[in-house]
Each structure stands twice: as C-alpha cells, then as structure tokens.
Amino acid sequence: MTTRTSFQSNRNRDNDEDSAFQERVVRISRVAKVVKGGRHLSFSAVVVVGDSNGKVGIGYGKADAVPDAVRKGAYEAHKSLIDVPLINGTIPHEIVVKFGAAEVMLKPALPGTGVIAGGSVRAVMELAGVKDILTKARGSTNAINTVKATYKAIKLLRDPETEKARRKQVAEITVMKPRRPQRKL
C-alpha cells in the first residue's frame, strides 16, 4: 500500500511540472496488418503539445491501444518543443512551406482577427500561443503532413530584430577584401 501511495505522489509531481503544457490529439488512426493468424490491429496518434505562450511540439505515437499511442505521441512532442517568435499575438512574417504533398501558408493578421485555420493547423497555432493568424492548407490535407508542414513553417520563422542583429554581426565579421584580377596562364 505504501509503495502505491509513493508512486501516486511521484506521478502527481510529474504532472505538476508539465501542467503548463496542454496536449491536443489531432488524429487517431486504426491500422490493420494482416498476418498469418488473422488481422493485427494497432493505433497511431498525432499529438500536439504547447504552453500557449510561444512553445510548441509535435509527436507521432504507435501502439496496440489508443491511450498508449497518445502517451507515446505526447512524449515525442515534448522532446520536439521549439520556440515560436510572436509579435503582438501573431507571427512576424508570411511564410509558405511544403512537406510532402501538403502545403501550408501562414500569414500574420491584425489584432482581433482570431485564428483562421483548419483543424490540424489550428491545433498547432493555438497551442503555440498565436492569437491572430490567417492560414491556408493546399495540396494534400493529410493531417500528419499538414501538422509537419506547419511545424516546419514555425521553425523557419525569424524575429526581425534578432535577424537584423545577426546580419549586422555577420557583416562586421566578414571584411570584404578587394578581388585581385586573375592571371592568365
């Protein structure tokens, strides 16, 4: 009895550390594999984890039961957390990214617009903490590839101020030397 209570207290402590993060299951798929003894059923889950304050991650889990697949997906999502550059609740610039056949366009919007997005893109944007954005998913609307395209787009976003500072630093380091004319042999 005491070991169970200590286990429960450890489990509650672990949940308190991650309480800032929310998880959202984007898609659960049932997969049937035909084997010698019949069909083997398993499940796959696409999970998005975020703190609604600039951090988001995606994960994909597979298991024989739905809760196990979701747990594995959430674990993968926690490992893939990235920071999202936000300016007044929206993204800093427009971006179009393609992953597989899925293409996602993200466009900053004025305050009060809200999150105008489809299901899988909306899950990523809301858990990232984006309040105002216009999006469009083109090509394939496969949930897995759409989530991955959105995640890739977020990774490619750059904050204008930090990018200016980085470019200025690179320009100072790189001293342009005058080119000498090539000698003909």
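**Exercise 1. Work out the strand order of the open four-stranded sheet in this predicted model, and find its edges.**

Step 1. The order is 5-6-8-7, and the pairing is mixed.
Step 2. Strand 5 and strand 7 (115-116) each have a single partner strand, so they stand at the edges, with one side of each left without a neighbour in the sheet.
Step 3. Turn to strand 6 and strand 8 (residues 133-139). They run antiparallel and are joined by seven bridges.
Step 4. Fix the register: M105 stands opposite K136 of strand 8.

**Exercise 2. Identify the strands that helix 4 lies across.**

Step 1. Helix 4 lies across strand 5, strand 6 and strand 8.
Step 2. Its direction is about 135 degrees to strand 5.

**Exercise 3. Describe the largest nonpolar core and the contacts of L106.**

Step 1. This core has 26 residues. V48, V56, L106, M125, I133 and I154 touch the most other members.
Step 2. Elements giving two or more residues include strand 2 (38-50), strand 3 (55-63), helix 3 (119-128) and helix 4 (143-156). Strand 5 (95-99) and strand 6 (102-108) are also among them.
Step 3. Take L106, setting aside neighbours within four places in sequence. Its contacts include I91, H93, V121, M125, I133, L134 and A153.
Step 4. Another core lies apart from the largest one. It has eight residues, including V47, A63, V70 and A77.

**Exercise 4. Place these parts in the whole chain.**

Step 1. The protein chain has five helices and eight strands.
Step 2. Along the sequence, the pattern is α-β-β-β-α-β-β-β-β-α-β-α-α.
Step 3. Of the 185 residues, 33% are buried.
Step 4. About 12,500 Å² is exposed, with 52% supplied by carbon and sulfur atoms.

Note on methods
Residues numbered from 1 in each chain as written. Predicted model: local features only at pLDDT ≥ 70, side-chain atom pairs only at ≥ 80, totals over all residues. Heavy atoms only, no water. Core = buried A, V, L, I, M, F, W, Y, C linked by side-chain atoms within 4.5 Å. Buried < 20%, exposed > 50% of the residue type's maximum accessible area, 1.4 Å probe, protein only. Contact = heavy atoms within 4.5 Å. Pairing = 2+ DSSP bridges. Axes fitted to C-alpha atoms, helices over the stretch in contact; angles between N-to-C directions. Areas by Shrake-Rupley, 256 points an atom, 1.4 Å probe, with all protein chains shown as cover.
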